[in-house]
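Please look through the structure below with its sheets, its helices and one loop residue in mind. The paragraphs that follow take these in turn.

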Amino acid sequence: MEMIEVENHLKDDDYILQNSFDLAKSLCTLYNNADSQSVSKVQNLVIRSLEKYELFGSSKIIIDDLLRELKLFPYLNSDELSLADTLAYLAHTTDIGNDSEAVLHGPQAEIFYKLLSGVSVVLSAPTSFGKSLIIDAVIASQKFSNIVIVVPTISLIDETRRRLSKFKENYKVITHSLQERFDKNIYVLTQERVIEEDFVGDVDFFVIDEFYKLSTWADGGNRCALLNEAFYRLYKKCEHFYMLGPNINGVAGEFIENVKFEFIKYNYNTVVTEIHDFTGSDKEGSLIDICKKVEGPTIVFSSSPDRANKAAELIYENIQTEPGNKAKQLATWVSENYHAEWILTIALRNGVGIHHARIPRGVSQYIVDLFNSGEIKYLVCTSTLIEGVNTSAKNIVCYDDKINRKKLDIFTFNNISGRSGRMFKHFVGNVYILSPPPVDQLPLVELPLYNQDENTPDSLLLNIDEKDLTENGKEKIKKYYEQDYLSLETIRLNKTIDPNDQVNFAKALEMNFQSWSHMLLWRGFPDYEQLSFICALVWNNFNGKSLGNRSVSSTKQLAFKINQLMSKPTIHDIVNDRLSYNENSDITSIISKELDFKRLWANFHFPRILRAIETITNEYLRKNNINYECEYTAYASSVENYFYDSSIVALEEYGLPVEISALIEDYLSTDGDLDEALNRLSEVDTSAIEDPVVKSFIERAAYGI
Amino acid sequence: MSHEVTPPHPDNFLEVRYQQYEVEPWLVAMCVGYELGEWRDEQLAEHVMEWLPEFALKYSEWESLGPSNAVRLIKKAAKAIYKTEKYGSRGEFGELLLHIVIRHVFKTFPAISKIHYKDSRNDTVKGFDCVHTIAKEDKLELWLGEVKFYKDISSAIRDVIKELDDHTKRDYLRDEFSAITNKIDQNWPSSDKLSKLLDNNTSLDEIFDSVTIPVLLSYDSDTVNNHNRITDEFKQDFAVEVNQHWDTFKNKNIPKSVDIVLILLPLKSKKDLQDKLHGELQRWK
């Protein structure tokens, strides 16, 4: 029987029932004749037969033996194995912490023992491979005292620290520089946090999750530079690492010669992806048709938050689905704390979840939980969900084939498709495509850190030791060495700000100091005029117009909104305020902009640029012997923390929305002692809380602390 | 077979003390031997354990776990198994002994991981583990073993005959079957031929020139107990004893449709050997 015949028969329950032995035999024959290339296709067929396992009757033992042959040990039932296979099975079980064991499949075991033997590994393998489980096994081996795990997003920090909290008997899990370290630590950090001064001490093993983001093609601009720097700093501390990610063809460039590691690529799946082609048809209609007919949890991928909102609307307006009780309760809570007419409220009420950057972090994490536990059937998302959040979906609908306006590449497409299916739960995942899939080659990972060519950001080159610069790299940043406006020290200190912008600002400052001085020289909190002046500098000298998703449209508005934060308005207040001016305003768009403003401007851009302005101004003052030192830091962190105690906003990363922590602000305020705030959070007596949503938010956040 | 296709295994330890290939069924008797007057059960236990990786793992697994890890992990696994009810109640590794002896004496090779056949009468599917083959020029022999790790030879013979009978009644050789080849054997000269044969044929005896059932029986032996070193007298007693058991075996109603090899493994004390094996496992971390 040919492969395609077997595949078709495996979809036909009656056929399997009637011909189980022949079908199993055909699988064996295909396996016997497969070479190293085609064996993965046979593996897919064997996994398909797992979905129909019971139909195979007494031929099940043949499927079991094929699984053993393919080294898919996790799928074996250890009670029914021969002596030799039981030995092999047990040899593949390993401690993964908290007195629990996991069974590794062959390639997982290979990577694990390579790492334990001191080899650094760069692994490219599909989503369903189980790359992260290897991290748990490495930690459980107790070989390392200080482990750093770099993840690309704050949501992943939270997800990872939850998973790793099982090691808390032996390790302190640290996610934030506000925390103190113990003897043995697991740091779970984004690249930004890795390079915070003096925060991470000794390191004896480090991990970079989604390591392809080291390449400029994957994450252009500043974050890529920071990840390269994070790698650079960690590698100086420790040469033993594990980098993992999906769908890479290889690692290219100088990197290979400078750093010792093994690149391993596995096309080894533990679930199968079935592509259903709906290209060429009317997109909206297809989306509705597909969502109507699919069974099981379904993710709908869209290109942007706006598109996701539209897709959600299409689904709930056309398909009746009954959300679980917890989803309804969340809808009520969202309605009260944001707005009854916000699209998220309506979607949740109708059994549709939404996950994108314009949903508060804690709320979207909560929604993923609801989805994974079957409370809601549909989850509409953008690329923020795709980048590593663990979901349990049977189906993925690729509603769009873009991210923002950029066409999906094969890498991202595979990454999205890989989210369908789940070991033990959904052996076959479905991917519904509405546009033709990309056909380009899988990419190579290249590190600008080592390549040092025109794509390498100046900020990165400035932050690596001179001896590690190539001629090309030196040439590229010569201009900073040859100017007198600003010292390299200050430029380096402001890592996240483009060095060019910094130098230009220093230049402008020198020219205009006389007229600027009375506006710039302040300590503590600025008055409104000083704030307006600072906002103008941010806007004009640091490219404010392009920042913050355009959630602020002028320098005046920026000053107004930053100032308004001080009175701690709720989103609910802001919406009502806007409606009182114009009752036809679009509520969803008001909330989106407000959330963008808080997350991007208040929590990120404004404070970092303000700190840069402070350091540059102070350097000027020192250089010109002016006996004054500006002090913006207190204000910067107040804005960053929306004028709450810093623990309140830090707890947002643990999944606790500010709306909830603000309810117990006094109790949680610890003057920036996050460990103490976490401690207090874990001691909250949740049995006394009436609102079920508040209760589960707090319990969820306290998990693993 | 070279180490390129299977994990390495130790050098031979057991000796063929007596053999008869002129008779039906063949008789082969293995001897453990003495050292300084003591029967070598302790050394045998060690030797058996050293075979575990080759017995349980594919070469690619051996390689990817790394030799030292592989040994450590398999030992850990063996220890864990020993404690389980399934193997613990039997308390032995008879299958492993059989594997060792046929690999050693007959140079068999585990070219096929599993054979399954469909019992046409009640439509159930059953399987053989640890299937060995021997390639001889153009021919392939299939070896499907039986083992009884017993202390009493009469019971061993009685029980194994019953199983051999069952086999013959089922006539699995003519049943529909399916096989999974051991993919590590691409260096094995006959691997291509084997896959092709398995692809097209429907009954085992069309594919294999002969199907052989090696029957390994262990027992507490008077001869082993009455001596403390290998002397001519020992050898004589040994020959007499194993011939006697061969006679008993032969006179039972053994199936004629397949070749049978009777392999006898006389022990000083099955229980002592079992305790030694147990001790070996206990010493491992």
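This is a predicted model, and a convenient place to enter it is the pairing of strand β4 (residues 146-150) of chain A with strand β7 (residues 205-209) of chain A, which run parallel and are joined by four bridges. Within this pairing, A:Val148 has A:Phe206 of β7(A) as its bridge partner, while A:Ile149 is matched in β7(A) with A:Val207. On to the next neighbour: β7(A) also pairs with β8(A), again in the parallel sense and over four bridges, and here A:Ile208 stands opposite A:Met243 of β8(A).

How far is β7(A) enclosed by the rest of the structure? Five of the five residues of β7(A) are buried, so the strand is largely enclosed. The side chains can be followed in two directions, since A:Phe205, A:Val207 and A:Asp209 point one way from β7(A), whereas A:Phe206 and A:Ile208 point the other way, and all of these residues are buried.

These strands belong to a wider arrangement, an open sheet of seven strands in chain A with parallel pairing, whose order is β5-β6-β4-β7-β8-β3-β10. Because β5 (172-174) and β10 (262-265) of chain A stand at the edges and have a single partner strand each, one side of each is left without a neighbour in the sheet. From one strand to the next, the twist averages 15°.

Helices also meet this sheet. Helix α7 (residues 131-140) of chain A lies across β3 (121-124), β4, β6 (185-189), β7 and β8 (241-245) of chain A, and runs at about 160° to β8(A). Helix α8 (residues 154-164) of chain A likewise packs on the sheet, where it touches β4, β5 and β6 of chain A, and its direction makes about 160° with that of β6(A).

Beyond the edge strand β10 comes a loop residue to examine, for A:Asn269 is placed in the loop between β10 and β11 (272-277) of chain A. Is A:Asn269 buried or exposed? Its relative accessible area is 18%, and A:Asn269 is therefore classed as buried, the cut-off being under 20%. Leaving aside residues up to four places away in sequence, A:Asn269 touches A:Gln43, A:Asn44, A:Ile47, A:Leu72, A:Pro126 and A:Ser128.

The strand that follows this loop leads to another set of pairings, in which β11(A) and β18(A) pair in the parallel sense over six bridges, with A:Glu274 having A:Asn430 of β18(A) as its bridge partner. Strand β15 (residues 395-398) of chain A also runs parallel to β18(A) and is joined to it by four bridges, and in this case A:Asn395 stands opposite A:Asn430. Strand β18 (residues 428-433) of chain A is itself mostly covered, six of its six residues being buried. Both of its faces are covered, with A:Val428, A:Asn430 and A:Tyr432 buried on one side and A:Gly429, A:Val431 and A:Ile433 buried on the other.

A helix pair completes the tour. Two packed helices are described by the angle between their axes and the distance between the axes. For helix α14 (residues 325-337) and helix α34 (residues 692-702), both of chain A, the axes come within 9 Å and cross at roughly 100°, which means that α14(A) is roughly perpendicular to α34(A). On the α14(A) side the contact is made by A:Gln329, A:Leu330 and A:Trp333, and on the α34(A) side by A:Pro692, A:Val693, A:Val694 and A:Phe697. Sorted by character, the residues of this contact comprise six nonpolar, one polar and no charged.

Key: Residues numbered from 1 in each chain as written. Chains lettered and ligands numbered in written order. Predicted model: local features only at pLDDT ≥ 70, side-chain atom pairs only at ≥ 80, totals over all residues. Heavy atoms only, no water. Pairing = 2+ DSSP bridges. Axes fitted to C-alpha atoms, helices over the stretch in contact; angles between N-to-C directions. Contact = heavy atoms within 4.5 Å. Parallel < 35°, antiparallel > 145°, perpendicular 65-115°, else oblique. Nonpolar A, V, L, I, M, F, W, Y, C, P; charged D, E, K, R; others polar. Buried < 20%, exposed > 50% of the residue type's maximum accessible area, 1.4 Å probe, protein only.
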